[in-house]
Amino acid sequence: MNERVETPSDTVELILPTRTDLYYGGQWHEAMKKRRAEVTSPATGKVIASVADADASDVDAAVAAARKGFEEWRAVPPLERGKILKAMAAVLRKNGRELAMLDAADGGNPFTEMQGDVMIAAAQMEFFAGLVTEMKGNSIPMGPTAVNFSIREPHGVVARIIPFNHPFMFCAGKSAAPLAAGNAVIIKPPEQAPLSALRLAELIGGMLPPGVFNVIPGGREVGAALSGHGDVNMVALIGSVPTGRAVMKSAAETIKPVLLELGGKNALIAFADADPDEVATAVVSGMNFTWCGQSCGSTSRAFLHDDIHDAVVARVAERAARFKPGIPTDPATTMGAIASKAQYEKVMRYIDIAKSEGARVVCGGKRPDGVELSEGNFVEPTIFADVTMDMTIAREEIFGPVLSVLRWKDEAAMVKQVNQVEYGLTCSIWTNDLTKAHRTALEVQAGYIWVNDTSKHFLGAPFGGFKQSGIGREECLEELIAFTQEKNIHINLNRGVARP
Ligand code: NAD
């Protein structure tokens with residue numbers, strides 16, 4: 001029986017995973033050095049569980065197990081792999097509430113929203129399950145005396161390193177493409193929120209041959225050991241730019257391909273003709289206040305045209321005030337807690353810097369009142385106006401519920417400012433003039449652009465970054481293809497003819 005824990009609501013129960021060790025080779029293992037790490041609740045600061053804390057020696061054992069699993073899995077016909085992935089998706093859907101509750105408990109995002117994350121992960125599994133026959137090669141014309149064609153093969157052992165903001169969605173959903181392509185996967189869950197990944201291993205581990213799906217909880221040491229490991233064939237990271245750099249450097253030692261989904265300092269651009277009501281709604285939903293702005297795609301810089309600036313800011317302040325931070329495991333909560341104390345302190349530091357550099361607080365900028373929230377990592381939705389590009393909060397990713405509003409009049413100067421950051425992930429453009437929207441979409445240096453929309457992801461549409469926001473594209477066929485390598489085969493049909 002799993003341990004049951006009392007929660008603020010009597011309608012949903014938090015059920016902690018029974019197994020909290022390392023999962024590889026189809027079995028659970030203690031960490032070799034027997035190290036354990038405490039998992040704390042971002043809402044209360046209390047310890048809620050302890051999980052194994054792996055090191056490089058555990059990574060060696062997991063990689064050896066994954067290599068064996070790979071040899072078996074690569075031989076499973078693609079449609080059969082797809083069938084297993086679909087069955088796994090069904091398991092996720094069935095256990096959605098329990099998995100969402102785990103993410104709420106250790107990740108700090110609201111339970112109700114996290115149910116959506118589980119469903120997205122299930123949809124990603126179904127999507128990639130349906131694409132297995134699209135791992136196609138080409139045939140190259142050689143005339144009647146030869147056949148030349150290419151096929152796509154899996155890389156082998158793939159490491160997937162995961163951040164804290166959507167723990168389950170990434171651990172499960174990001175396993176789908178490499179598994180569909182025939183690789184073995186080692187998941188390195190976020191150290192702040194590893195519980196749902198462990199439960200995932202309990203739920204689906206046995207549905208695959210031993211060693212095909214592995215979960216190794218631990219800190220950056222595990223991520224570094226995986227990305228530098230000689231027998232890991234590819235590493236895919238979702239994380240910050242500095243971690244992306246570190247992963248690329250260690251992957252270089254063994255020339256392994258990398259797939260990087262990194263940070264963002266994204267812009268929402270509103271033209272003078274846009275409707276202030278619509279823009280205000282978009283500014284607020286683009287900030288993802290529900291999970292405290294902790295989303296790589298959050299449009300955390302709003303460039304509002306001078307003509308509508310004041311009308312939009314007034315509406316944004318009123319709409320943002322509707323987000324009331326609350327206990328994440330309570331089904332009624334619509335805005336959660338920041339995932340860790342370290343991240344909370346980083347956000348508060350940026351708020352102080354913004355004030356000292358002259359940005360104007362429109363709303364928020366502090367912890368919410370209330371005894372219930374006094375020990376957790378809670379911050380009110382925070383909006384700064386009069387932000388200029390020389391200020392720190394206009395350039396650096398905060399990864400918190402902090403919006404910077406910039407006023408503009410000259411279109412060319414505004415676009416220059418939009419592009420004046422090292423990141424280039426998303427951008428949301430608001431205008432009724434589609435010519436203007438199209439022109440701006442072409443000028444903005446970002447990989448994922450919404451016109452008169454924001455925040456949404458569309459399965460099948462390539463998601464990924466320009467500049468330092470990453471390398472590669474996900475949520476689409478290219479993600480599956482990234483987990484394959486091409487092999488060319490030349491068949492000589494002219495054996496009777498002597499070769500020179
Ligand atoms: P992080 O980079 O600190 O950590 C991400 C993961 O990398 C963790 O599992 C961590 O243990 C591991 N890690 C840390 N150092 C490592 C190293 N040297 N080698 C290998 N692994 C290492 O990121 P975070 O703070 O957990 O998450 C927030 C960041 O993730 C933000 O920058 C955010 O924009 C980004 N992110 C990007 C996307 C995207 O799709 N582009 C999505 C979500 C989050």
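Select Asn288 to begin, in the loop between H9 and S15 of this predicted model, and look at its backbone before turning to its surroundings. Asn288 is not a glycine, yet its phi is positive, at about 50°. That deserves a pause, because most residues other than glycine have a negative phi. Is Asn288 buried or exposed? With a relative accessibility of 10%, Asn288 falls under the 20% cut-off and therefore counts as buried.

Now step back along the chain and select helix H9, residues 276–286, which Asn288 follows. Colour Pro276, Val279, Ala280, Ala282, Val283, Val284 and Gly286, since these residues of H9 are buried. What do the buried residues of H9 pack against? Their partners are strand S14 (267–270), strand S15 (301–305), helix H10 (306–320), strand S18 (402–408) and strand S19 (426–430).

Keep H9 on the screen and add H10, one of these partners. Two packed helices are described by the angle between their axes and the distance between the axes. For H9 and H10 the angle is about 50° and the axes are 8 Å apart, and the two helices are therefore oblique to each other. The crossing in which H9 passes H10 is right-handed. On the H9 side, show Pro276, Asp277, Val279, Ala280, Thr281, Val283 and Val284, and on the H10 side show Ile308, Ala311, Val312, Arg315, Val316, Arg319 and Ala320, for these residues make the contact. Sorted by class, the residues of this contact are 10 nonpolar, one polar and three charged.

Another partner of H9 is strand S18, and the residue to select there is Val402. Val402 has a relative accessibility of 1% and so counts as buried. If you show what Val402 touches, leaving out residues up to four places away in sequence, you will find Met287, Ser300, Val347, Ile351, Thr382 and Phe384. Draw a distance from the C-alpha of Val402 to that of Phe384, and the value is 7.5 Å, although the two residues are 18 places apart in sequence.

The next stop comes from a record. UniProt, in an unreviewed entry, places the feature "active site" at Glu261, a residue that you will find in strand S13, residues 258–261. Glu261 has a relative accessibility of 6% and therefore counts as buried. Which residues are in contact with Glu261, once its neighbours within four places in sequence are set aside? They are Leu237, Ile238, Gly239, Phe463, Gly464, Ser469, Gly472, Arg473 and Glu474.

From S13, go back to the loop that lies between helix H8 (241–252) and S13, and select Ile255. Ile255 is a residue other than glycine with a positive phi, near 50°. Is Ile255 buried or exposed? Its relative accessibility is 72%, and Ile255 therefore counts as exposed, whereas Asn288 counts as buried.

Move next to helix H6, residues 195–204, which is mostly covered, with nine of its 10 residues buried. The residues to highlight are Leu195, Ser196, Ala197, Leu198, Arg199, Leu200, Ala201, Leu203 and Ile204.

Leave H6 visible and bring in helix H3, whose axis comes within 8 Å of that of H6 and crosses it at roughly 155°. H3 and H6 are therefore roughly antiparallel to each other. In this contact, Glu98, Leu99, Leu102, Asp103 and Asp106 of H3 meet Leu195, Ser196, Arg199 and Leu203 of H6. By class, these residues are four nonpolar, one polar and four charged.

Stay with H3, residues 96–107, and add helix H4, residues 111–130, for the axes of these two helices also come within 8 Å and cross at roughly 120°. H3 and H4 are therefore oblique to each other, and H3 passes H4 in a right-handed crossing. The contact joins Gly96, Arg97, Leu99, Ala100, Met101, Asp103 and Ala104 of H3 to Phe111, Met114, Gln115, Val118 and Met119 of H4. This contact has eight nonpolar, two polar and two charged residues.

To end the tour, select residues 28–489, which UniProt lists, in an unreviewed entry, as "domain: Aldehyde dehydrogenase". This span is 39% helix and 19% strand, and its end C-alpha atoms lie 41 Å apart.

Notes: Residues numbered from 1 in each chain as written. Predicted model: local features only at pLDDT ≥ 70, side-chain atom pairs only at ≥ 80, totals over all residues. Heavy atoms only, no water. Axes fitted to C-alpha atoms, helices over the stretch in contact; angles between N-to-C directions. Helix = DSSP H or I, 4+ residues; strand = E, 2+ residues; numbered from the N terminus. Parallel < 35°, antiparallel > 145°, perpendicular 65-115°, else oblique. Left-handed = near helix turned anticlockwise from the far one by under 90°. Contact = heavy atoms within 4.5 Å. Nonpolar A, V, L, I, M, F, W, Y, C, P; charged D, E, K, R; others polar. UniProt positions renumbered as here; feature names shortened; annotations may be inferred. Buried < 20%, exposed > 50% of the residue type's maximum accessible area, 1.4 Å probe, protein only.
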